[in-house]
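Take a moment to look over the model below. We'll start with a single residue and work outwards to the domains and the ligand.

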Amino acid sequence: MYNFEFKNPVKILFGKGKIAKLANELPKDKKILLTYGGGSIFKNGVYDQVKAATKGFDIIEFGGIEANPHYETLMKAVSIVKEEKVDYLLSVGGGSVLDGTKFIAAAALFEGDEPWDICAKRSEVSIQKALPIGAVLTLPATGSEMNGNAVVTRVSTQEKLAFDSPAVMPQFSVLDPEVIFSLPDRQVANGIVDAFIHVMEQYLTFPVNAPLQDRFAEGILHTLIEEGPKVLANRNDYEAAANFMWSATMALNGLIGMGVPQDWGTHMIGHELTAYHGIDHARTLAIVLPGMMDIRRKEKQEKILQYGERIWGISEGTSDERIDQTISKTIAFFESVGIKTTLPDYEVPAETIGRITSRFEERGMKIGEKADIGPKEIQLILEGRL
Ligand code: NZQ
Ligand code: ZN
């Protein structure tokens, strides 16, 4: 196992009715900006619960944060934060609202001239300070509620880029599984697959003798496979919703990735598909992962075989046959929750592949657990999904 340092200070308030506890977590002496998305919180009662729980607090609101939050929109919020002297942010929404709120928190205190550098010059700009954030999560998927990552889209340049900093980890996140009851099938499916692939990015690499991390990862995969379809079948199944929600948080709160190699190549390529074609984040991952497994079958062989055997019970045949079956099972699982897995399914033309590989070429960036996946390999991964 590799050396590691792990600290996760996010307080989780989990369960039915927990939104009512907000008053215990929010500061009384600060001006709070409540951020939200396109309005789902008004339809499902979450907004009313938040308002009821925060009577007497000094709160203003900023709505309209899009799915795949736009830099352009977030900068409007940054202006409001400065004008109104906001000093605390409360995100009420899914991963996009929370990621956007993290960006607002960092940009409000950013000292450089160009806030986009927070993402664009991620390796040079290290975010040390940000406004404090609290969160009410309404969509289990990203793990944003318990990590320091955020992904932002700049519409004018069709870029979708990430940044991370411990400074933007929420101080607390409220996870009430009842918020799932109002989610459309599309978002439940996205959440299942996004969380599943977060686990895969931290698991499907090469062995470093870390059996506990492996079994944590496999436990989350099994739970998503068992509980995800129950949520899809019955949106009011509280127990299934709770298990799904906690699985998504555990998939990306840092724990399972400690002391082991991590990949994230599927995400890096997937972000480009969203940037160019607006495809939902999880769907881009479901397209890329099978190609990644196929092209990297040699490098990832031991872990693919372990995953195939422990998750899908595949133990017969040559290594290549078992890997083929494992990829097919993975695709079948994504399709079973309603997520298509090829580029033509989303009407992505072959030319997009060249646009994506040129971007990696320009950035001089290699990805994967050994940083050895470049434009040539990315081309093969995506061509396999045509
Ligand atoms: O905007 P509203 O009206 O709230 O509607 C949203 C949105 O249309 C709706 N929704 C959310 N909660 C709902 C609901 N509808 C009904 N009932 C509810 N309870 O769902 C739609 C999608 O929401 P969004 O926040 O975009 O989804 P998700 O949570 O999947 O977030 C996706 C974003 O997170 C990034 C992705 O790249 C993408 O931009 N990611 C963030 C990560 C992180 N911070 O660690 C890691 C991930 O890999 C991912 O990249
Ligand atoms: Zn993801």
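Which residues does Leu33 touch, not counting residues up to four places away in sequence? They are Ile60, Phe62, Ile80, Val81, Val86 and Leu89, where touching means that the C-beta atoms, placed from the backbone, lie within 7 Å. Leu33 itself is found in strand β2 (residues 31-35); helices (H or I, at least four residues) and strands (E, at least two) are DSSP runs, numbered from the N terminus. Leu33 counts as buried because 24 other C-beta atoms lie within 10 Å. The cut-offs here are 20 or more such atoms for buried, 12 or fewer for exposed, and partly exposed in between, again with C-beta atoms placed from the backbone. Ala53 is 20 residues from Leu33 along the chain, and their C-alpha atoms are separated by 15 Å.

Before going on, a word on what you're looking at: this is a predicted model, in which local features need pLDDT of at least 70 and side-chain atom pairs count only at pLDDT 80 or more, while totals for chains, interfaces and linings use all residues. Residues are numbered from 1 along each chain as its sequence is written, and chains are lettered from A and ligands numbered from 1 in the order in which they are written.

Now step back to the whole chain. The domain assignment gives domain 1 (11-178) and domain 2 (185-383), with bounds that come from an automatic or database domain assignment. Their centres, taken over C-alpha atoms, are 26 Å apart. The contact takes 19 residues from domain 1 and 23 residues from domain 2. On the domain 1 side, β6 and β7 (159-164) each supply at least two residues.

UniProt has its own entries, both unreviewed. One lists residues 9-177 as "domain: Alcohol dehydrogenase iron-type/glycerol dehydrogenase GldA", and that span is 28% helix and 24% strand. The other lists residues 189-357 as "domain: Fe-containing alcohol dehydrogenase-like C-terminal", and there the chain is 69% helix and 0% strand. Keep in mind that such annotations may be inferred rather than shown by experiment.

So where does ligand 1 sit? Domain 1 and domain 2 both give residues to the shell around ligand 1, so it lies between them. The shell holds 33 residues, the closest being Gly37, Gly38, Ala67, Gly94 and Gly95; a residue belongs if its C-beta atom, placed from the backbone, lies within 6 Å. Two or more residues each come from α2 (40-43), α5 (95-108), β6 (149-154) and α7 (185-203), and α5 gives the most, with four.

Helix α7 turns up again in the largest nonpolar core, where it provides the largest share, ten residues. A nonpolar core is a set of buried Ala, Val, Leu, Ile, Met, Phe, Trp, Tyr and Cys residues joined through C-beta atoms within 7 Å. This one has 110 residues, and Val92, Ile104, Ala105, Val193, Phe196 and Val199 touch the most other members. Leaving aside neighbours within four places in sequence, Val199 is in contact with Ala217, Ile220, Leu221, Ala251 and Ile256.

Finally, two backbone oddities. Most residues other than glycine have a negative phi. Asn209, in the loop between α7 and α8 (211-233), has a positive phi of about 55°. Trp264, in the loop between α9 (238-251) and α10 (265-277), has a positive phi of about 70°. Asn209 is exposed, with 9 other C-beta atoms within 10 Å, whereas Trp264 is partly exposed, with 16.

Notes
Contact = placed C-beta atoms within 7 Å.
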